[in-house]
Amino acid sequence: MQKTSSDTSNSVYEKITLNIEVTFRLAREDDLPKLEWMGEFTHFRRVFRQTYQDQAAGRRLMLLADLNTFPIGQVFILLNSNFGWNGNEYGYLYSLRVMAPFQGLGIGTKLILQAERIMQERRLDYATIAVAKDNPRARNLYERLGYQVYSSDDGRWSYQDHKGHTVHVYEPCWMMEKKLGPVG
Ligand SMILES: CC(C)(COP(=O)(O)OP(=O)(O)OC[C@H]1O[C@@H](n2cnc3c(N)ncnc32)[C@H](O)[C@@H]1OP(=O)(O)O)[C@@H](O)C(=O)NCCC(=O)NCCS
């Protein structure tokens, strides 16, 4: 069979095995452009800036998975969210994502566990997270980590994109929660 130009079975093409270190930390101001992931999330520029200001004010946290000073994963935490209708203090996890080439390696799991630890240290009673109804794989992940569905939400929200246009989002979702124990 004739070889095509993309055939790499020829011994000229080698591979290397990398032992990469991913660290978990809060966002710094110089992360904001990098969170746009080379254009994939440019439309969230203003959202990232506002969230960063909220982090500085102590209302939210931007937890990042850092590889070589680049944020390849993230989860944001809304602290003491007003889901606390029953006297409990809640933290709301959202915008969880890991860059496609790094998915399935345990980074998303670690982001959630690290976020839970941060919330435990802040004496929050419950962690909550919303998962789109058409994202059963993510729901499986949260269930494996101990989250349970407690309600349904029509998932309507809006944001201002980088050009100042209001974008309306409609993403029906399940609301899930997990009781946080004391810091272990
Ligand atoms: C969901 C997500 C954050 C998980 O991070 P991750 O580092 O890939 O997850 P882990 O390696 O720790 O765990 C793997 C599990 O994550 C889930 N998962 C993996 N890739 C996924 C994807 N593309 N979409 C949704 N869930 C995914 C699955 O449950 C998977 O377990 P499985 O392989 O047994 O099905 C990540 O895959 C992602 O960013 N997906 C796209 C955006 C998204 O769906 N975010 C969740 C919004 S609620």
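Colleague: Which helices and strands each supply at least two residues of the shell around the ligand?
Modeller: Strand 4 (90-98), helix 2 (107-121) and helix 3 (136-144) do. Helices (H or I, at least four residues) and strands (E, at least two) are DSSP runs numbered from the N terminus, so that's where those labels come from. By the way, this is a predicted model: local features need pLDDT of at least 70, side-chain atom pairs count only at pLDDT 80 or more, and totals for chains, interfaces and linings use all residues. Residues are numbered from 1 along each chain as its sequence is written.

Colleague: What gives the most to that shell around the ligand?
Modeller: Helix 3, with 4 residues.

Colleague: And which residues come nearest to the ligand?
Modeller: Q103, G108, T109, R137 and L141, out of 16 around the ligand. A residue counts as near if its C-beta atom, placed from the backbone, lies within 6 Å of the molecule.

Colleague: What makes up the shell by class?
Modeller: There are 7 nonpolar, 7 polar and 2 charged residues. Ala, Val, Leu, Ile, Met, Phe, Trp, Tyr, Cys and Pro count as nonpolar, Asp, Glu, Lys and Arg as charged, and the others, Gly among them, as polar.

Colleague: How many helices and strands does the protein chain have?
Modeller: It's 3 helices and 9 strands, running β-α-β-β-β-α-β-α-β-β-β-β from the N terminus.

Colleague: What is the strand order in the open sheet?
Modeller: The 7 strands go 1-2-3-4-5-9-6, with mixed pairing. Why are strand 1 (23-26) and strand 6 (148-153) called edge strands? Two strands pair if DSSP finds at least two bridges between them, and strands 1 and 6 each pair on one side only, so by that test they're the edges.

Colleague: How do you know that strand 6 and strand 9 pair, and in which sense?
Modeller: Strand 6 and strand 9 (residues 173-179) share 5 bridges, so they meet the two-bridge test, and the sense is antiparallel. One of the bridge partners is E177 in strand 9, matched with Q148.

Colleague: What does helix 2 touch when it packs on the sheet?
Modeller: Helix 2 touches strand 1, strand 2 (60-67), strand 3 (70-81), strand 4 and strand 5 (126-132). Contact means C-beta atoms, placed from the backbone, within 7 Å. Helix 2 makes about 35° with strand 3. Axes are lines fitted to C-alpha atoms, for helices over the stretch in contact, and angles run from 0 to 180 degrees between N-to-C directions.

Colleague: Which strands does helix 3 lie across?
Modeller: Strand 5 and strand 9, and helix 3 runs at about 160° to strand 5.

Technical notes: Two residues are in contact if their C-beta atoms, placed from the backbone, lie within 7 Å.
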